[in-house]
Amino acid sequence: MTVKTAFASMAGWRSRRVALALVAMPFLCGPVPAQSRALQLGAAWYPEQWPESRWEQDLALMEQAHLHVVRVGEFAWSRMEPAEGRYDLDWLERAVRLAEKHHIAVVLGTPTDAPPAWLTAAHPETLRMDATGHLAEHGGRRQFNYANPHYREYCAQIAGQLARRFGHDADVIGWQIGNEYTDESFDPETKQQFQDWLKRRFGTLDALNRDWSTAYWSQTYDRWDEIPLPTAGGNPGLLLEHRHFVSDTWRDFQHVQAEVVRKFAEKRQFITTNLGGLGWSDNFDHYEINDELDLASWDDYVGQGHLNVSRNGAMHDLVRGWKGANFWVMETQPGSVNWAPVNNALDRGETRAMAWQAVGHGADAVLYWQWRSALNGQEQYHGAIVGPDGEPLPLYAEIAQTGNEFERAAALLEGTQPVAQVALLHSYDSRWAIDFQPHSRNYDQLDVLLGYYAPLREKGLTVDIVSAEAPLDRYKLVLAPSLNLISAQSAARLLDYVQKGGHLVLGPRSGMKDEHNALNTERQPGPLADALGGGVEQFFALEDSVPVSGAVGTGSALVWAEQLSVRADNDEVLLRYEKTSGGKAKGWLDGQPAMISRRVGQGRITYLGAVLDPTLMRSTLQRMMTDAHVEPEFSPLPSYVEVCRRVGPDRVDKDRGNNMRAVYVVINHGESAAHIALPGAMRDMLHDGRSLTEVSLDPQDVAVLEAAAP
Ligand code: GAL
């Protein structure tokens with residue numbers, strides 16, 4: 001499959017903007033109206049926290065730093081509606097007009113993450129109850145009950161007021177619904193909603209009792225209202241359905257607002273919400289939440305320590321997969337946060353490198369949280385761009401440099417996006433299922449995923465991280481690190497991909513369960529075992545590593561090992577556990593297959609039953625890439641150099657239409673200078689456009705290069 005066809009097949013909100021990209025742009029552009037910027041830097045700005053006399057100075061400082069977008073309003077409900085039904089949006093209008101004067105576009109947040117005191121005092125049923133039965137109080141945020149219909153009415157009203165007022169405002173470019181959906185509620189009314197939801201989902205109690213195997217521990221339910229709202233552990237079927245209920249409930253919470261915004265707002269204004277990445281605030285399915293949104297966005301925080309290049313890159317790629325399109329980083333830290341155990345600052349240059357990393361992975365905007373810390377309130381210590389005295393902090397200069405570069409590179413990046421030949425499959429259901437029963441505290445799913453991801457990225461390959469339900473035909477190689485739940489339906493789709501020539505690699509714990517989180521009655525990988533011609537005889541949570549060797553290399557299995565068996569004649573054994581002197585899974589694994597592979601139809605299915613050490617993982621993936629004809633463009637890169645590629649229609653020769661160009665973002669994340677040989681001549685777009693065949697970068701430095709797409 002070519003880059004061109006992959007690009008053409010991508011759907012989503014970007015298509016409107018891609019059309020714009022076909023208009024020839026100047027080499028590097030100067031000031032353009034906020035509306036048409038394809039790449040922008042910005043900040044969260046809270047005018048309600050400051051005297052109006054200060055606003056202009058803030059906006060002028062932003063403009064000087066080349067910040068061209070602010071997100072405003074997401075916590076300002078008490079200022080927007082000081083008393084029930086009394087709306088005051090004039091101040092917000094004045095703030096938007098001043099932003100316009102400084103060529104700054106506005107994303108409006110609906111303020112529903114922080115209801116005003118009058119609301120929850122008058123309607124305590126709108127407050128959230130935590131899993132211990134404690135009712136939230138005013139004074140923090142996220143104190144609302146996401147399932148409460150009354151609260152949603154208030155949300156719809158304030159969102160409607162905002163949309164009526166700003167839905168046709170030329171400087172408002174988009175909407176953010178709420179802020180970081182996080183905490184569910186465990187109050188009696190939500191419990192009843194859960195029971196009603198289950199009734200709609202299962203139809204009969206017989207079906208529910210069967211799918212959850214409730215004969216176990218006398219869990220059988222005779223009435224819907226006997227079913228608990230799980231606050232801790234529970235039946236795995238119940239736990240999984242609760243996550244589905246939470247996903248649907250957040251989706252509905254969002255829908256009530258998105259619907260009213262859409263009713264009054266112009267179509268050009270996007271609707272998004274800022275979500276967390278992997279590992280936090282993910283009790284709900286982010287694919288489902290993004291379904292009705294125009295644009296995916298997320299909040300990218302390092303917290304303690306420094307940028308973990310692979311992990312953060314994977315998060316961006318996951319977010320890109322939510323809608324299969326470019327995205328925004330709606331919040332990121334200017335230097336440091338205030339909520340980590342040790343709130344160290346990013347190094348000089350690291351904030352800029354992080355912004356460019358986001359762009360390389362498909363971000364079209366990066367916004368800092370926040371412009372200036374409120375003088376009081378819970379986040380006084382958080383990193384900001386100007387200090388309490390209103391003067392720029394030292395980081396301002398680095399942000400201004402980044403803003404200047406974004407401004408100059410916007411035309412270049414217009415209409416481009418990362419295009420991958422390799423995909424990693426990700427499924428919230430599978431992650432939750434393993435989280436409910438990790439079986440080994442050392443089985444870290446994110447680490448397992450990164451074990452597959454990092455060796456590909458080290459070679460400069462673009463990697464998509466997509467839903468296990470996404471179309472796969474555009475990929476030469478599909479890796480499923482821990483696809484624990486494989487239903488008969490998903491198996492059929494995966495098999496179809498393989499039959500037509502795809503290469504599917506399943507990692508440990510794959511296909512153990514069905515869509516109800518019940519054990520599959522076939523051995524792993526369940527409904528794919530026949531196609532594989534083999535499967536998992538038994539699995540082991542390892543205390544010590546086990547040596548493995550075979551055609552793909554030599555090394556160790558860590559944390560997890562499955563003893564595989566081979567039934568089909570044409571199965572190849574690519575790795576075996578070595579015979580050990582004892583203590584290693586008590587001899588069960590000695591000489592047994594650890595990785596098997598079989599040609600099926602036009603393609604190949606491979607099962608890797610162990611978590612491998614990084615070196616062996618590298619050589620294993622090299623073999624998978626070779627088999628699938630995936631070839632990196634770059635010769636070996638230093639481990640600390642990251643290369644990202646975005647591809648788009650040719651901006652110069654628009655008449656030839658089909659021509660593609662590639663923009664490479666090359667970042668030196670290391671502590672020493674790096675010299676990188678380029679696969680061909682490229683133009684250095686942050687400097688003078690000169691042609692280069694190699695590039696040298698100081699630590700934390702970035703190059704943006706352009707070439708014809710291969
Ligand atoms: C985010 C949140 C922001 C701010 C930030 C601080 O999670 O959306 O409002 O609190 O954290 O790092």
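**A parallel sheet, its cores and its ligand**

Gln-176 faces Thr-272 of strand S5 across a bridge between paired strands. Two strands are taken as paired when DSSP finds at least two bridges between them, and the elements themselves are DSSP runs numbered from the N terminus, helices being H or I runs of at least four residues and strands E runs of at least two. The model is a predicted one, in which local features need pLDDT of at least 70 and side-chain atom pairs count only at pLDDT 80 or more, whereas totals for chains, interfaces and linings use all residues. Residues are numbered from 1 along each chain as its sequence is written, and side-chain values use heavy atoms, with hydrogens and water left out.

The pair formed by Gln-176 and Thr-272 belongs to the contact between S4 and S5, which run parallel and share three bridges. Both strands are part of an open sheet of nine strands with parallel pairing, in the order S5-S4-S3-S2-S1-S9-S8-S7-S6. Its edges are S5 (270-272) and S6 (274-275), each of which pairs on one side only. In general, strands of a sheet pair through backbone hydrogen bonds, in either the parallel or the antiparallel sense.

Moving inward from S5, one passes to S4 (residues 172-176), which is joined to S3 by four bridges in the parallel sense. Gln-176 appears here again, as the bridge partner of Gly-109. On its other side S3 pairs with S2 (residues 69-72), also parallel and over four bridges, and there Arg-71 stands opposite Val-107. Is S3 buried or exposed? Five of the five residues of S3 (residues 105-109) are buried, so the strand is largely enclosed by the rest of the structure. Buried here denotes under 20% relative accessible area, exposed over 50%, and partly exposed the range in between (1.4 Å probe, protein chains only). In a regular strand, side chains alternate between the two faces of the sheet. Both faces of S3 are covered, with Ala-105, Val-107 and Gly-109 buried on one side and Val-106 and Leu-108 on the other.

Towards the other edge, S6 and S7 are parallel and share two bridges; Asn-274 has Ser-297 of S7 as its bridge partner. S7 then pairs in the parallel sense with S8 (residues 327-332) over five bridges, where Asp-300 is matched with Thr-332. S7 (residues 296-300) is largely enclosed by the rest of the structure, because five of its five residues are buried. Ala-296, Trp-298 and Asp-300 are buried on one face, and Ser-297 and Asp-299 on the other.

Helix H13 (residues 350-360) is likewise mostly covered, with eleven of its eleven residues buried. These include Glu-350, Arg-352 and Trp-356. After H13 comes Gly-362, whose phi is positive, near 120 degrees.

In soluble globular proteins, nonpolar side chains tend to be buried together. A nonpolar core is a set of buried Ala, Val, Leu, Ile, Met, Phe, Trp, Tyr and Cys residues joined through side-chain atoms within 4.5 Å. The largest such core has 156 residues, of which Ile-227, Trp-356 and Trp-371 touch the most other members. Helix H10 (residues 236-264) gives the most to this core, with ten residues. A second, separate core of 26 residues includes Ala-468, Tyr-475, Ala-480 and Leu-506.

The ligand has around it Phe-75, Arg-141, Asn-179, Glu-180, Asp-299, Tyr-301, Glu-331, Trp-339, Trp-369, Glu-379 and His-382, each with a heavy atom within 4 Å of it. Oxygen atoms of the ligand lie 2.8 Å from an N or O atom in the side chain of Arg-141, 3.0 Å from one in that of Asn-179 and 2.5 Å from one in that of Glu-180. The protein covers 94% of the 310 Å² of accessible area that the ligand has on its own, as computed by the Shrake-Rupley method with a 1.4 Å probe.

Finally, Asn-376 lies in the loop between S9 (363-368) and helix H14 (395-413). Asn-376 counts as exposed because its relative accessibility is 63%. Its side chain makes a polar contact of 3.4 Å with that of Gln-380; such a contact is a pair of N or O atoms within 3.5 Å, where within protein one must be able to donate a hydrogen and the other to accept it, and residues adjacent in sequence count only if both atoms are side-chain atoms. The C-alpha atoms of Asn-376 and Asn-326, 50 residues apart along the chain, are separated by 36 Å.
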